[in-house]
Amino acid sequence: MNSPVVESELRIESVSKTFTDPKGRLVEALKDVSLTIAPGEFVVLLGPSGCGKTTLLRSIAGFEEIDSGSISLGSMRLDELPANKRPVNTVFQSYALFPHMSVAANVAFGLESESVPRTDIDRRVAEMLDLVHLSDLADRKPSQMSGGQQQRAALARALAKKPQVLLLDEPLAALDLKLRRAMQTELKRIHRATGTTFLFVTHDQNEAMALGDRIAVFSHGQLRQFDTPSEIYDNPADEFVASFIGESTAFVGRAVGGFLEFEELTIPLLPESVRVPSATRIVVRPEAFSLLPEGALCGEVTIQETIYSGDVIEVEAVLRSGKQVKIQSPVESLGTLVIGSRHDLYVNPQKVRVLHESEDVGQR
């Protein structure tokens, strides 16, 4: 199957949307959101419930009307078009397959509604079923298929009309963990095969990291950071992003001479951090801390809990000040950690993220 040529970028510019809740109060679902998605990119909209990610997806699809701003695909203003005229298609969490139709009939439905010639429909249905590895199940009804098979059928139906943008609204949420991971691999394969722009909504951080070329992190209707998974993890824009993506411990720190002090801990300042203000917020990932002498000795902790995870041990501990920290260290050389025992704490200064005063520390 030849991949479609997608040449238009999707631009969301200063989009805002307000709802009225059941008590008559105004809720800002989207607050001046802007982002540009490249043709053929796989972008994940990530955030907790109520953060605005699904509202944005529905606004692109035409199911919600925005209050201000614009949504464009190339030179086409999507927000000025009815939903059925937009070159996008949506895959829902519920799959929304017609139960009385076979898989092949479900995939053909959208093409038939547009009076596409029968020979073209049959060819396109065969291509889509082959793409999602369902050719052998073409005559089955949805009730005769597993959740993963139904999900692939829904993907095939959505892609049959060759949308420029495929919108996926938490489509894997109903699957068990093993099947969910298998479908993540399938989604990436299908994305590469079609070249279609994918916009995927989830609240699952691991899923976002596994799927996205870039991730847009939302909180309370605002876009907090839009970047690659590695950049978001290694250099979170604010404390909210650091706490939502992976584990981290937040501190209030201060620069003193050539050192950074936080709680009773002290580490050397790196050259790129020389402009750290006298008081600042910092976040430290668990792997920056260690109970082995692999960095700067910066303090002492008391072990509270341990979780073994193969070649690493995840430790919850407390500093002398009472501040709780999360530590991740290699299992080798540690032996068995005893709850209540005290250990030296080391830190890798290169993995400490300083949030400067100009950066919003986000909402907890």
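A search of the whole structure finds zero disulfides, where a disulfide would be a pair of cysteine sulfur atoms within 2.5 Å. In general terms, such a link is a covalent bond between the sulfur atoms of two cysteines. Two cysteines can still be placed: Cys51 is buried, with a relative accessible area of 1%, and Cys298 is buried too, at 6%. Here buried means under 20% relative accessible area, exposed means over 50%, and partly exposed lies in between (1.4 Å probe, protein chains only).

Before going on, a word on the model. This is a predicted model, in which local features need pLDDT of at least 70 and side-chain atom pairs count only at pLDDT 80 or more, while totals for chains, interfaces and linings use all residues. Residues are numbered from 1 along each chain as its sequence is written, and side-chain values use heavy atoms, with hydrogens and water left out.

**The whole chain**

The protein chain has 364 residues, of which 48% count as buried. Its C-alpha atoms fill a box of roughly 75 × 45 × 45 Å, taken along the principal axes. The secondary structure comes to eight helices and 20 strands; these are DSSP runs, with helices (H or I) of at least four residues and strands (E) of at least two, numbered from the N terminus.

**A five-stranded sheet**

Five strands form an open, antiparallel sheet in the order E13-E12-E11-E14-E20. Two strands pair if DSSP finds at least two bridges between them. E13 and E20 stand at the edges with a single partner strand each, so one side of each has no neighbour in the sheet. From one strand to the next, the twist averages 35°, with axes fitted as lines to C-alpha atoms (for helices over the stretch in contact) and angles running from 0 to 180 degrees between N-to-C directions.

Two of the pairings look like this:

| Antiparallel pair | Bridges | One bridge pair |
|---|---|---|
| E11 (residues 249-256) and E14 | five bridges | Phe251 and Ile282 |
| E14 (residues 280-284) and E20 | four bridges | Val284 and Val352 |

Strand E20 (residues 352-355) is covered on both faces: Val352 and Val354 are buried on one side, and Arg353 and Leu355 are buried on the other.

**The largest pocket**

The largest pocket has a volume of about 640 Å³. On a 1 Å grid over the protein atoms alone, a pocket is an open set of points where a 1.4 Å probe fits, with protein on both sides within 12 Å along at least five of seven lines; lining residues have an atom within 4 Å of a point. Grid points are joined across faces, edges and corners, and a volume is the space filled by probe spheres set on the points. Of the 26 lining residues, Ala83, Val88, Asn89, Thr90 and Lys161 are the closest to the centre of this pocket. Strand E6 (88-91), helix H2 (103-113) and helix H4 (147-160) each give two or more residues to its lining. The lining divides into 15 nonpolar, five polar and six charged residues; Ala, Val, Leu, Ile, Met, Phe, Trp, Tyr, Cys and Pro count as nonpolar, Asp, Glu, Lys and Arg as charged, and the others, Gly among them, as polar.

**Two loop residues**

Lys162 is not a glycine, yet it has a positive phi of about 55°. Lys162 sits in the loop between H4 and strand E7 (165-169). Glu263 has a positive phi as well, near 50°, and lies in the loop between strand E12 (259-262) and strand E13 (265-268). Glu263 is partly exposed, with a relative accessible area of 40%.
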